[in-house]
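The exercises below are to be worked with the sequence and the 3D structure open. Each task is followed by a solution in steps.

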Amino acid sequence: MSELYRMLPSVDLILQRVSESDRYARLPRPLLKDLVNMHLDQLRVDIRGQKLTASEELQWSVLEGPLHAFLDRASRPHFRRVINATGVVVHTNLGRSLLARQAVEAVTEACAHYSNLEFSLDTGQRGSRYAHVEELLCRLTGAEAGLVVNNNAAAVLLMLDTLAKGKEVVVSRGQLVEIGGSFRIPDVMAKSGAVLREVGATNRTHSHDYERAITPETAALLKVHTSNFRIIGFHKEVGLREMVALGEKHGLPVLEDLGSGNLFDFTPYGLDHEPTVQEAVAAGAAVVTFSGDKVLGGPQAGIIVGRKDYIDPIKKNPMNRALRIDKMTLAALEATLRLYLDPELARREIPTLRMITASTEELRRQASKLARGLRRALRGPGGGAKAEITLLPGASRVGGGAYPERDLPTTLVAVRPQNADIGVEALRDALLDTDPPLIGRIEHDAFCLDPRTLDDAEHALAGKVLAKVLTP
């Protein structure tokens, strides 16, 4: 055993060998050195455990392959790309919305060069970063003014802190929602300094419930879109226009948190009607907040639009600086909003919209194409298949808290391994360690891929990683 330890190559020798190629040229040398030490430590463990017992196993020609495999795997970024074959379009855990090509190019430009982020090219003086998107937001939504912060939770917090700190805000009990990550409306209100005044019952709230709750301490009426759940059956809520009329009667603004902001009408594509930002503004809401990275299909952002006399104080709130967006978000958001000037162009170019509106016929064609590619990739050397590939009817989801009750019909590609040594769950787990990882779902005792969330270029990648895992 001592002889085997002495035969292990030194760290310096390994670093010299691996540095002879450009394979790890962009890897920081301290990190490369740490990884080499980790690999050597594992070899020592294998010697102690008698997994390595012969000197021939420690020759460089034998060690080189496993070393490179380890370095390749261990040096991958922790935050990296995955292939989303789940069929959930706005997948919160997988990065939510994909950006349009135009938005990606705008981000690259913003990162690679200096920009007029807060510089007015008209005056040569300091400018406002909101100026790059405010006009677009107003044109698209019909609002008088707007600004953008880092997410919708921040938008709600900033709105309430500015307009209702120390005063009461009236909200229906049925809208006191929790939306992922413990984002709860009552907690956000408490942090903002606003005082919650809840009215009505969980399932039914009437206009007179709001009116009875109004006192000299009332600052606003708040309407919250429930996003990721629905109350059905014996249910009633007060419409926005009715709330606005009540607010006008008592001189109070109506604020609306739309959650997953929607600038596009999905009803022609078979989805139920969801309130759009344009509708909320037209109905008279004084301020509307919504997300930029969900159904809108842009970067993570919290967008605030509404009447100028309410938006201007929000802009001046000192908290705004702590919540503001960076140049990359701003560049991506402007490029995304520009696409919405032409709704059909937006539907084609913004991946989120394109995936949500994909037809069942197109998805069936994509599934057939994907299945053919997988069969070729998974054909064994003797002609036998490594997996059975079939098509199944299935359902996709919009995700991101939108359309919680609505399935989107799709065609799934089902993969069933033919090797008895690997089951469906083992296949799913093994695909988490491929490069890139392939994320799907298990249905009908098969590992299923949904073409709705797969780009054409990812078909070949999916076949490659599946073949790697299913090769004995």
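**Exercise 1. A helix on the sheet**

Which strands does helix H12 lie across, and at about what angle does it run to E3?

Solution. Some conventions come first. The model is predicted, so local features need pLDDT of at least 70 and side-chain atom pairs count only at pLDDT 80 or more, while totals for chains, interfaces and linings use all residues. Residues are numbered from 1 along each chain as its sequence is written, and side-chain values use heavy atoms, with hydrogens and water left out.

Step 1. Helices (H or I, at least four residues) and strands (E, at least two) are DSSP runs, numbered from the N terminus.

Step 2. Locate H12 at residues 308–316; this helix lies across E3, E8 and E9, the last being residues 302–306.

Step 3. Read the angle: H12 runs at about 30° to E3. Axes are lines fitted to C-alpha atoms, for helices over the stretch in contact, and angles run from 0 to 180 degrees between N-to-C directions.

**Exercise 2. The sheet**

State the strand order of the open sheet and name its edge strands.

Solution. Step 1. Two strands pair if DSSP finds at least two bridges between them. Seven strands follow one another in the order E3-E9-E8-E7-E6-E4-E5, and the pairing is mixed.

Step 2. E3 (145–149) and E5 (195–199) pair on one side only, which makes them the edge strands.

Step 3. From one strand to the next, the twist averages 20°.

Step 4. Helix H8 (residues 185–192) packs on this sheet and touches E4, E5, E6 and E7, its direction making about 145° with that of E5. Contact here means heavy atoms within 4.5 Å.

Step 5. Within the sheet, E7 (residues 254–259) and E8 (residues 287–291) run parallel and are joined by four bridges. Gly 259 has Phe 290 of E8 opposite.

**Exercise 3. Strand E4**

Are the residues of E4 buried or exposed?

Solution. Step 1. Buried means under 20% relative accessible area, exposed over 50%, and partly exposed in between (1.4 Å probe, protein chains only).

Step 2. Five of the five residues of E4 are buried. Glu 168, Val 170 and Ser 172 point one way, and Val 169 and Val 171 point the other way.

Step 3. Turn to the partners of E4. Five bridges join E4 to E5, running parallel, with Glu 168 opposite Val 195. Four bridges join E4 to E6, also a parallel pair, with Val 169 opposite Ala 220.

**Exercise 4. Helix H7**

Compare the span of H7 with the expected value, then describe its surroundings and its ends.

Solution. Step 1. The expected span of a helix is 1.5 Å times one less than its number of residues. H7 (residues 152–164) has 13 residues and reaches 17 Å from first C-alpha to last, close to the expected 18 Å.

Step 2. Eleven of the 13 residues are buried, so H7 is largely enclosed by the rest of the structure. Among them are Asn 152, Val 156, Met 159 and Asp 161.

Step 3. At the N-terminal end, Asn 151 acts as a cap, with a side-chain oxygen 3.3 Å from the backbone nitrogen of Ala 153. Just after H7, Gly 166 has a positive phi of about 80°.

**Exercise 5. Salt bridges**

How many salt bridges are counted, and how exposed are the partners in Arg 6–Glu 3 and Arg 441–Glu 443?

Solution. Step 1. A salt bridge is a side-chain nitrogen of Lys or Arg within 4 Å of a carboxyl oxygen of Asp or Glu. The count comes to 27.

Step 2. In the pair of Arg 6 and Glu 3, the closest N and O atoms are 3.0 Å apart. These residues are three apart in helix H1 (residues 2–7), and so are separated by about one helical turn. Arg 6 is exposed at 59% relative accessibility, and Glu 3 is partly exposed at 46%.

Step 3. Arg 441 and Glu 443 meet at 2.6 Å, N to O. Arg 441 is buried at 16%, whereas Glu 443 is partly exposed at 26%.

Step 4. Salt bridges also link Glu 118, Arg 126, Arg 129 and Arg 324 in a network.

Terms used:
A polar contact is a pair of N or O atoms within 3.5 Å; within protein, one must be able to donate a hydrogen and the other to accept it, and residues adjacent in sequence count only if both atoms are side-chain atoms.
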